[in-house]
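Look through the sequence and the structure before you begin, and try each exercise on your own before you read its solution.

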Amino acid sequence: MANLILTLSRHIPAPQQVVWDVISDIPGCVERIESIVGIEMLTGDTMEVGARWKETRTLFRRETTEEMEVTAFEPPLRYVVEADSCGAHFTSEIRCDPDGDDATILMMTMETIPTTFFARLMKPVAKLTMGTMRKMMQKDLDDIFRACTPGLEDEASTEEATGQ
């Protein structure tokens, strides 16, 4: 059975290192990303492979907490975070590609793999939630844009979604 994959990107008129510093500061996400209401670092403040934290977010008007772990870390280009929840394995890649000297393309990709029988049965329903997931990821990208470019008016964002 195919996985669900959602990819969105955002042009940010800030250098790659500025964007990287914002997205790799996990404890600082509480102050920058509106839907994140709490971060509890489980392995210290160092961002590296094996770093783990509990992230509490408002999702569907409820708070939900998930434990996340960094499984790839390549500063200032990308990192990968994985988590297991609701019978599925989630893999998220956050990538900063330079766009000239003073701009960055920030890309977020989330892949969802059902791991239980029930989750596989619910996959058609999960596809219906892709629009909500897209909005949540887009809001995160917008919040990161604002954190990287204080005082700058938002630009149009771009997105690509696939449900393979």
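The exercises below go from the whole chain to its strands, a pocket and single residues.

This is a predicted model, in which local features need pLDDT of at least 70 and side-chain atom pairs count only at pLDDT 80 or more, while totals for chains, interfaces and linings use all residues. Residues are numbered from 1 along each chain as its sequence is written, and side-chain values use heavy atoms, with hydrogens and water left out.

**Exercise 1. The whole protein**

Task: State how many helices and strands the protein has, and what part of its residues is buried.

Solution: Begin with the terms: helices (H or I, at least four residues) and strands (E, at least two) are DSSP runs, numbered from the N terminus. Counted in this way, the protein has 5 helices and 8 strands, and their order along the sequence is β-α-α-β-β-β-β-β-β-α-α-α-β. For the second part, buried means under 20% relative accessible area, exposed means over 50%, and partly exposed lies in between (1.4 Å probe, protein chains only). By this rule, 40% of the 164 residues are buried.

**Exercise 2. Following the pairing from E2 to E4**

Task: Find the bridge partner of Gly38 in E3, and then the bridge partner that this residue has in E4.

Solution: Two strands pair if DSSP finds at least two bridges between them. Strand E2, residues 36-41, pairs with strand E3, residues 52-59, in the antiparallel sense over 5 bridges, and within this pairing Gly38 has Thr56 as its partner. On the other step, E3 is joined to strand E4, residues 62-74, by 8 bridges, and these two strands also run antiparallel; here Thr56 has Thr65 as its partner. Finally, look at the turn: E3 and E4 form a hairpin with 2 residues between them, and Phe60 in that turn has a positive phi of about 55°. For comparison, most residues other than glycine have a negative phi, and most peptide bonds are trans.

**Exercise 3. The strands around E7**

Task: Which strands pair with E7 in the antiparallel sense, and over how many bridges?

Solution: Take strand E1 (residues 4-12), which pairs with strand E7 (residues 104-114) over 9 bridges in the antiparallel sense; in this pairing, Leu4 stands opposite Thr112. Then take strand E6 (residues 88-98), which pairs with E7 over 11 bridges, again in the antiparallel sense, with Glu93 opposite Thr109. E6 and E7 also form a hairpin with 5 residues between them, where Gly100 in the turn has a positive phi of about 80°.

**Exercise 4. The second largest pocket**

Task: Work out which element gives the largest share of the lining of the second largest pocket, and how the lining residues divide by type.

Solution: On a 1 Å grid over the protein atoms alone, a pocket is an open set of points where a 1.4 Å probe fits, with protein on both sides within 12 Å along at least five of seven lines, and lining residues have an atom within 4 Å of a point. The lining includes Arg57, Thr58, Leu59, Thr132, Met136, Lys139 and Asp140. E3 and helix H5 (130-148) each supply at least two lining residues, and the largest share, 4 residues, comes from H5. By type, the lining has 3 nonpolar, 3 polar and 5 charged residues, where Asp, Glu, Lys and Arg count as charged, Ala, Val, Leu, Ile, Met, Phe, Trp, Tyr, Cys and Pro as nonpolar, and the others, Gly among them, as polar.

**Exercise 5. Three residues and their contacts**

Task: Decide whether Leu59, Thr64 and Asp143 are buried, partly exposed or exposed, and list what they touch beyond four places in sequence.

Solution: Leu59, in strand E3, counts as partly exposed because its relative accessibility is 25%. Contact means heavy atoms within 4.5 Å, and in this sense Leu59 touches Thr64 and Met136. Thr64, in strand E4, is partly exposed because its relative accessibility is also 25%, and its contacts are Glu55, Thr56, Arg57 and Leu59. Asp143, in helix H5, is buried because its relative accessibility is 5%; Asp143 is in contact with Arg32, Ile33 and Glu34. Between the C-alpha atoms of Asp143 and Glu31, which are 112 residues apart along the chain, the separation is 9.8 Å.
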